[in-house]
Amino acid sequence: LVRHIDNLKNGFGLPVVVAHELSHEINSLRRAATTALNARLIPLIGELIAAVKRSLTAAGIDAPLMIVRGDGSLMTEQFAGERPVETLLSGPAASVVGAMGLGGLSDCVMLDVGGTTTDMAVARGGLLAQEEDGVDVGGWRTGTRAIGIQTMGLGGDSRIAFDKKGYLTLGPERVIPLSCLSADHPGVLDTLRAIRKANRWTTVPMAEFYCRLRDPGNIGLTAQEQRIMDALAQGPLSVSQLAERVEQPVYFLEVGRLIFLGLIARSALTPTDLMHVRGEYAQWDVQAAQLGLETMANRLELTPDQLLDRVFDLAGDMLYRLVCNFLLARTFPRREEMRVEHNPALALGYRPAGDELDLAVTCKLPIVGIGAPAHIFIPRVAEKLHAPCVIPPDAAVANAVGAITGSVLAEERVVIRPQFEAHGVDGFSCHASAALHQCADYEEAMAWARTEAERAVREMAARMGAEQVA
């Protein structure tokens, strides 16, 4: 069978995906999901690798191309081209490796605060905690092992808004910061000034805009969706301006599907804007950020400083729950009721109920924060968890650091199973990824398993780009 598979691979010039090369899972459904996903990703990873190599050539860079795997180790472009499923969660994995390197820690909790999400992972003894049950992709559990990670829709570009009851909300939607939109479209600043001056009390945030990203092509749109696309053809419009153009109340604008399809984008107040106001980040239009903050604060009957503190406090609360839930799940993997949401007392660790009762929750590992907004969000969380806080000097580029400091890591598992007969054990079968061995003696089985595992690991490590195998 192995010989026939090699003939298929070499004879037709087309990719052949074989389940046993991708996963050691006995579960046939997981193996099938892994194999199908890998097959779908092969043409995509091929296009990506070709584009990267063209860019390297254009820049005059002559160097081997290595790609990060989902467990934080590295592989060659050829290996990645055959097993693109190995790249699942490679971005967060690179961030964790970079965080360990920059922070100089082998045991830590890592929080990577990006533009869209915050990713959390744990490292122990210099090794990343792995997802032993395989990565879940779109509801399908695969047999691909990768970094054990928890993700939350909170980042520098998360939307700051309020719900129907007037309570402040943060994320999970990613939007274009007002400061960024205004820098690209100067007319936005005048519109923000007019909104602030009008001082209207509404049940939806008014200092928000929509902008067109691309043509809908063959996508079927409703009449109102088409009018929205036409109205935005000349540039961004505020919520009220767009509602006026399409002759609809602001409450009935059909923008959800257009945003989901990537045809338009929303621009709103974000933590990135607040960083502009505080002088911690000044890449775009500070005035636009200030006007957006004042408009939102006025609607919520707060001062701008009070709103600033409320937003960062809400972000801290969300991250506190993320850390607690993740670490509790590691300790009690089958106890869903251990989550903070199901144990209100745990929430007191971040926000005390009053002056009569207090609860201290302590994280025994240092918390390493990376990403551009990390220095704003993470210290508050670490303080509440009574944990050391480490924000490396180059925290904003930890992902890149992890990508260049990783190493090749190969693994082979050999499963030894006893063969039972009526009189008892009648031999052993050894199952490796590419071989099967049967014998009568357990010691012989162990010896074969060690030899086969070492052979397979050395062969795989060489294919992945290792020059020396330790």
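Q: Why is the sulfur of Cys324 said to be too far from the closest cysteine sulfur for a bond?
A: A disulfide is a pair of cysteine sulfur atoms within 2.5 Å. The closest cysteine sulfur to that of Cys324 belongs to Cys363, and it is 8.3 Å away, so the gap is too far for a bond. This is a predicted model, where local features need pLDDT of at least 70 and side-chain atom pairs count only at pLDDT 80 or more, while totals for chains, interfaces and linings use all residues. Residues are numbered from 1 along each chain as its sequence is written, and side-chain values use heavy atoms, with hydrogens and water left out.

Q: What keeps Cys389 out of a disulfide?
A: Distance again. The nearest cysteine sulfur, that of Cys363, is 11 Å away, and Cys389 is in no disulfide.

Q: How many disulfides does the structure hold?
A: The count is 0.

Q: What makes Cys324 buried?
A: Buried means under 20% relative accessible area, exposed means over 50%, and partly exposed lies in between (1.4 Å probe, protein chains only). Cys324 has a relative accessible area of 7%, so it is buried.

Q: Why is Cys389 called partly exposed?
A: Its relative accessible area is 34%. That value falls between the two cut-offs, so Cys389 counts as partly exposed.

Q: Why is strand β3 described as largely enclosed by the rest of the structure?
A: Strands are DSSP runs of E with at least two residues, helices are runs of H or I with at least four, and numbering starts from the N terminus. Strand β3 covers residues 108–113, and 6 of its 6 residues are buried, so the rest of the structure largely encloses it. Cys108, Met110 and Asp112 point one way, Val109, Leu111 and Val113 the other way, and all are buried.

Q: How do you know that β3 and β4 pair?
A: Two strands pair if DSSP finds at least two bridges between them. β3 and β4 (residues 118–124) have 6 bridges, in the antiparallel sense. Cys108 stands opposite Ala123 in β4. The two strands form a hairpin with 4 residues between them.

Q: In which sense does β3 pair with β15?
A: Parallel, over 4 bridges, with β15 spanning residues 367–370. The bridge partner of Asp112 in β15 is Ile370.

Q: What makes β17 and β19 edge strands?
A: The open sheet has 3 strands in the order β17-β18-β19, with antiparallel pairing. β17 (415–421) and β19 (436–439) each pair on one side only. Between β17 and β18 (residues 424–431) there are 6 bridges. Pro418 stands opposite Phe428 in β18.

Q: What makes the phi of Asn199 worth a look?
A: Most residues other than glycine have a negative phi. Asn199 is not glycine, yet its phi is positive, near 55°. Asn199 sits in the loop between α7 (187–198) and β12 (209–212). At 42% relative accessibility, it counts as partly exposed.

Q: Why does Glu301 count as exposed?
A: Its relative accessibility is 69%, and the cut-off for exposed is over 50%, so the label fits. Glu301 lies in the loop between α12 (286–299) and α13 (304–331). Its phi is also positive, near 60°.

Q: How do you know that the peptide bond from Gly171 to Pro172 is cis?
A: Its omega is near 0°. Most peptide bonds are trans. Pro172 lies in strand β10 (residues 168–174).
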